[in-house]
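Please open the model in a viewer with residue selection enabled. The tour below proceeds stop by stop, stating what to select and what is found there.

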Amino acid sequence: MSGSDRSIGLNRPRLVTKKFLAKPQHEGDGAVVRRSIGRSELKYLDPFLMMDEFSVSPPAGFPDHPHRGFETVTYMLQGAFTHQDFSGHKGTIHTGDVQWMTAGRGIIHSEMPAGEGTQRGLQLWINLSSNEKMIEPGYQEVISQDIPRAERDGVEVHVIAGEAMGAQSPVYTRTPTMYLDFTLKPRAQMHQSIPESWNSFVYIIEGEGVFGSLNSSPITAHHVLVLGPGDGLSAWNKSSKPLRFVLLGGQPLNESVVQYGPFVMNTQAEIDQAIEDYHYCKNGFEMAKYWRSQSAG
């Protein structure tokens, strides 16, 4: 809901309980990412395992690598990325497109820039519950023009998952999730409800904004803000430039998390099994034996 909808408003707005700057670090093959979740300041925010803002110029990228036990959501902010996997799936997502990949029991893929210059985007890792970690892999891909959006009172939202301002995403979230991309014009404000049992956070893409409480200090781009308990988020743009941020919320799984790089399971024994399966090309990794992506040469 936008500022004009406060009649259905927030009785207990969520306040910022933790904030820090996502500093650049190197990942993949020459890629630079700003990691917000998945670093020492914030290892995990159930059900979210990792969040990167990536910035990649050819020939850098993320060559062939495996996943098991979670989902990856790639949202392009600028440019294009081409994805290939060992089951023959291949596609390119462009600015504003989303790829929602369920790795499930196992996938090996590459993610490489599809054009010259800098390609930017966000990649989120969402955990899967123990009874879904070994399901068959799958994809949901939504091109920019098919992502629902709404605009009112200087607030625009792109609804990647969940619902906002009357717009609802077609994406099916196995772990219940909201993923909203907000842009606020100068002097605009927004109020968005969030299920009270969910964990939530904000990542600021550009500009600066005031979050949670009107009298708090403005926070600038590339900061991650963990939100405390409450029934929603309020934000204000008091600056003279646009404010863009993503708001993410998810239902906690409340399960043990054991992670070994690209494998995320519930026990160390399951991690050991994933490593063995990957090494011996079995239990979901059978096609790994003979596959290399085109980018691998």
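Begin with the hairpin of β13 and β14: two residues lie between the strands, and Asp153 adopts a positive phi near 55 degrees. Strands, like helices, are DSSP runs numbered from the N terminus (E, at least two residues, for a strand; H or I, at least four, for a helix). The model is a predicted one, in which local features need pLDDT of at least 70 and side-chain atom pairs count only at pLDDT 80 or more, while totals for chains, interfaces and linings use all residues. Residues are numbered from 1 along each chain as its sequence is written, and side-chain values use heavy atoms, with hydrogens and water left out.

**Strand β14 and its partners**

Select β13 (residues 149-152) together with β14; the two run antiparallel and are joined by four bridges. Two strands are said to pair if DSSP finds at least two bridges between them. Within this pairing, Ala150 stands opposite Val157 of β14.

Now add β17, which pairs with β14 in the antiparallel sense over six bridges. Here the bridge partner of Val157 is Phe182 in β17. Colour β14 (residues 155-161) by accessibility: six of its seven residues are buried, where buried means under 20% relative accessible area, exposed over 50%, and partly exposed in between (1.4 Å probe, protein chains only).

**Ser169**

Which loop holds Ser169? Ser169 is found between β16 (167-168) and β17 (177-184). With a relative accessible area of 11%, Ser169 is buried. Display the neighbours of Ser169: leaving aside residues up to four places away in sequence, Ser169 touches Pro148, Val159, Ile160, Ala161 and Gly162 (contact means heavy atoms within 4.5 Å). A polar atom of the Ser169 side chain also lies 3.0 Å from the backbone nitrogen of Val171.

**His109**

Move to strand β10 (residues 107-113), where His109 is located. His109 is buried, at a relative accessible area of 0%. Show the side chains of His109 and Glu111, which are joined by a polar contact of 3.4 Å. A polar contact is a pair of N or O atoms within 3.5 Å; within protein, one must be able to donate a hydrogen and the other to accept it, and residues adjacent in sequence count only if both atoms are side-chain atoms.

**A four-stranded open sheet**

Next, select the open sheet of four strands, ordered β18-β23-β20-β21 with antiparallel pairing. Its edge strands, β18 (189-193) and β21 (219-220), each pair on one side only. β18 pairs with β23 (residues 232-236) in the antiparallel sense over five bridges. One point to label is His191, whose bridge partner in β23 is Ser234.

**Aromatic rings**

Finally, display the aromatic side chains. Rings of Phe, Tyr and Trp (its six-membered ring) pair if their centres lie within 6.5 Å; planes under 30 degrees apart count as stacked, over 60 as edge-to-face and the rest as tilted. By this rule there are 11 aromatic pairs. In one of them, the rings of Phe263 and Tyr278 have centres 6.0 Å apart and planes at 65 degrees, so this pair is edge-to-face. The pair links distant parts of the chain, 15 residues apart: Phe263 in strand β26 (residues 263-265) and Tyr278 in helix α1 (residues 268-280). Tyr278 also forms an edge-to-face pair with Phe285, at 5.6 Å centre to centre and 70 degrees between the planes.

How accessible are the residues involved? Phe263 is buried at 3% relative accessibility, Tyr278 is partly exposed at 34%, and Phe285 is buried at 0%. As a last selection, take Phe54, Phe62 and Phe81, which form one aromatic cluster.
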